[in-house]
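Trainee: Could you take me through one part of this protein slowly, and then show me how that part fits with the rest? I am new to reading structures, so plain words would help.

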Amino acid sequence: MTDHNLWLADDWLELQRVCAGCQEHLTQEILNMKYEIERNRHHTVLRNISGRLKTLDSIQNKLVRYGFEVSPQSACENLHDIVGIRIICSYLKDIEDVVEALNNLPKFEVTEIKDYIANPKPSGYRSLHVIGITTIEGIGIQCEIQLRTTAMDSWAALEHQLRYKKDLPDSTFVNQELLECATLLEQSDIKMQAIHDYIDILNGWTRNDHDDDHCEHQKWVSIHIPELKDPKQ
């Protein structure tokens with residue numbers, strides 16, 4: 001893990017500048033990674049890449065909420081999501097490929113992976129969070145990269161719209177309905193992956209066609225994908 005440089009107590013604007021540079025660097029490296037991953041593929045692997053920086057108010061409020069010292073140094077040491085990147089993939093197995101590629105990004109060191117795909121949150125939220133450190137100007141900044149399929153992202157976006165910034169009381173019924181939607185979308189993801197695999201087989205394509213050193217994944221996205229068979233064949 002890269003050591004964090006010491007920050008002065010009033011270096012908030014400098015922290016913001018360095019984090020903006022970190023986001024720009026990480027986004028560009030992920031774009032380069034996208035082109036490399038998709039160069040010999042037959043589909044779009046990374047459908048969308050977006051980023052956001054926490055505002056200074058949000059950083060300071062989160063430090064207070066978790067009982068940390070309110071300082072730039074404390075923010076660097078204790079918050080892993082000052083810089084956030086979200087990657088939307090087409091299929092479940094695409095997430096596996098992207099996780100592997102992130103381990104080889106320049107100036108980025110993966111420190112933790114939170115797998116909410118194999119282990120969804122009680123609400124139904126599914127995503128895979130890759131936490132790491134990006135080194136810019138000799139300074140290590142913690143970053144969080146969220147990976148989702150289109151289905152996972154649609155559920156998260158609509159759930160956020162329904163719940164947040166509204167006077168919605170906690171409702172067991174609403175919670176159950178949202179969880180049911182998440183379960184249906186999970187089944188859709190698995191089915192879509194199975195269809196995609198089947199079409200690849202029909203075309204004589206495999207994931208290893210253009211990557212002799214490609215290792216078996218299934219490390220982070222440990223979901224069984226059934227093999228489809230056309231009953232007419």
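Mentor: Happy to; we will start with one strand, β4, and work outward from there.

Before we look, keep in mind that this is a predicted model. To get your bearings, note that the protein has 6 helices and 5 strands. Starting at the N terminus, the order of these elements is α-β-α-α-β-α-β-β-β-α-α. Of its 233 residues, 43% count as buried.

Now to strand β4, which covers residues 128-136. Of its 9 residues, 8 are buried, so the rest of the structure largely encloses this strand. What are its partners? One of them is strand β3, residues 108-115, which pairs with β4 in the antiparallel sense over 7 bridges. You can find a spot in this pairing by looking for F108, which stands opposite T134 of β4. Another partner is strand β5, residues 139-149, and here the pairing with β4 is again antiparallel, with 9 bridges. A good spot to look for in this second pairing is I131, whose bridge partner in β5 is E144. Follow the chain from β4 into β5 and you will see that the two form a hairpin, with 2 residues between them. One residue of that turn, E137, has a positive phi of about 55 degrees.

Let us stay with β5 for a moment and pick out Q146, which sits in that strand. Is Q146 buried or exposed? Its relative accessibility is 12%, and the cut-off for buried is under 20%, so Q146 counts as buried. Its side chain makes a polar contact of 3.2 Å with the side chain of E144, the residue you just met as the bridge partner of I131. The side chain of Q146 also has a polar contact with that of R148, at 3.1 Å. If we set aside neighbours within four places in sequence, Q146 is in contact with I85, R86, I87, Y125, S127, L128 and H129.

Y125 in that list deserves a look of its own. At 12% relative accessibility, Y125 counts as buried. The structure holds 1 aromatic pair, and Y125 forms it with Y116. Two numbers are used to describe such a pair: the distance of the ring centres and the angle of the planes. For Y116 and Y125, the centres are 6.1 Å apart and the planes are at 65 degrees, which makes the pair edge-to-face.

Next, let us see where the strands meet the helices. The largest nonpolar core has 42 residues, and those with the most contacts inside it are I30, V98 and I145. The elements giving two or more residues to this core are α1, α2, α3, β2 (83-89), α4 (92-102), β3, β4 and β5. Helix α1 gives the most, with 9 residues. As a general rule, nonpolar side chains tend to be buried together in soluble globular proteins. V98 lets you see what contacts look like here: leaving out residues up to four places away in sequence, V98 touches M33, I37, V45, L46, I87, C89 and L147. There is also a second, separate core of 6 residues, which includes Y116, A156, L178 and A182.

One of the helices in the largest core makes a nice last stop: α2, residues 56-65. In this helix L56, I59, K62 and L63 are buried. Seen down the axis of α2, these buried residues fall within an arc of 135 degrees, so they line one face of the helix. Why can residues spaced along a helix share a face? An α-helix has 3.6 residues a turn, so residues three or four places apart point the same way. On the other side of α2, D57, V64 and R65 are exposed. The buried residues of α2 pack against α1 (12-38) and α3 (72-78).

Among those buried residues, try I59, whose relative accessible area is 2%. Apart from neighbours within four places in sequence, I59 is in contact with W12, K54, A75, L79 and I82. I59 and V70 are 11 residues apart in sequence, and their C-alpha atoms are 8.7 Å apart in space. After α2 comes G67, which has a positive phi near 75 degrees.

To finish, step back to the whole protein. Among its contacts with a separation of 6 or more, 71% are between residues 24 or more positions apart.

Conventions. Residues are numbered from 1 along each chain as its sequence is written. This is a predicted model: local features need pLDDT of at least 70, side-chain atom pairs count only at pLDDT 80 or more; totals for chains, interfaces and linings use all residues. Side-chain values use heavy atoms; hydrogens and water are left out. Buried means under 20% relative accessible area, exposed over 50%, partly exposed in between (1.4 Å probe, protein chains only). Helices (H or I, at least four residues) and strands (E, at least two) are DSSP runs, numbered from the N terminus. Two strands pair if DSSP finds at least two bridges between them. The arc is that of the directions from the helix axis to the C-beta atoms. Contact means heavy atoms within 4.5 Å. A polar contact is a pair of N or O atoms within 3.5 Å; within protein, one must be able to donate a hydrogen and the other to accept it, and residues adjacent in sequence count only if both atoms are side-chain atoms. A nonpolar core is a set of buried Ala, Val, Leu, Ile, Met, Phe, Trp, Tyr and Cys residues joined through side-chain atoms within 4.5 Å. Rings of Phe, Tyr and Trp (its six-membered ring) pair if their centres lie within 6.5 Å; planes under 30 degrees apart count as stacked, over 60 as edge-to-face and the rest as tilted.
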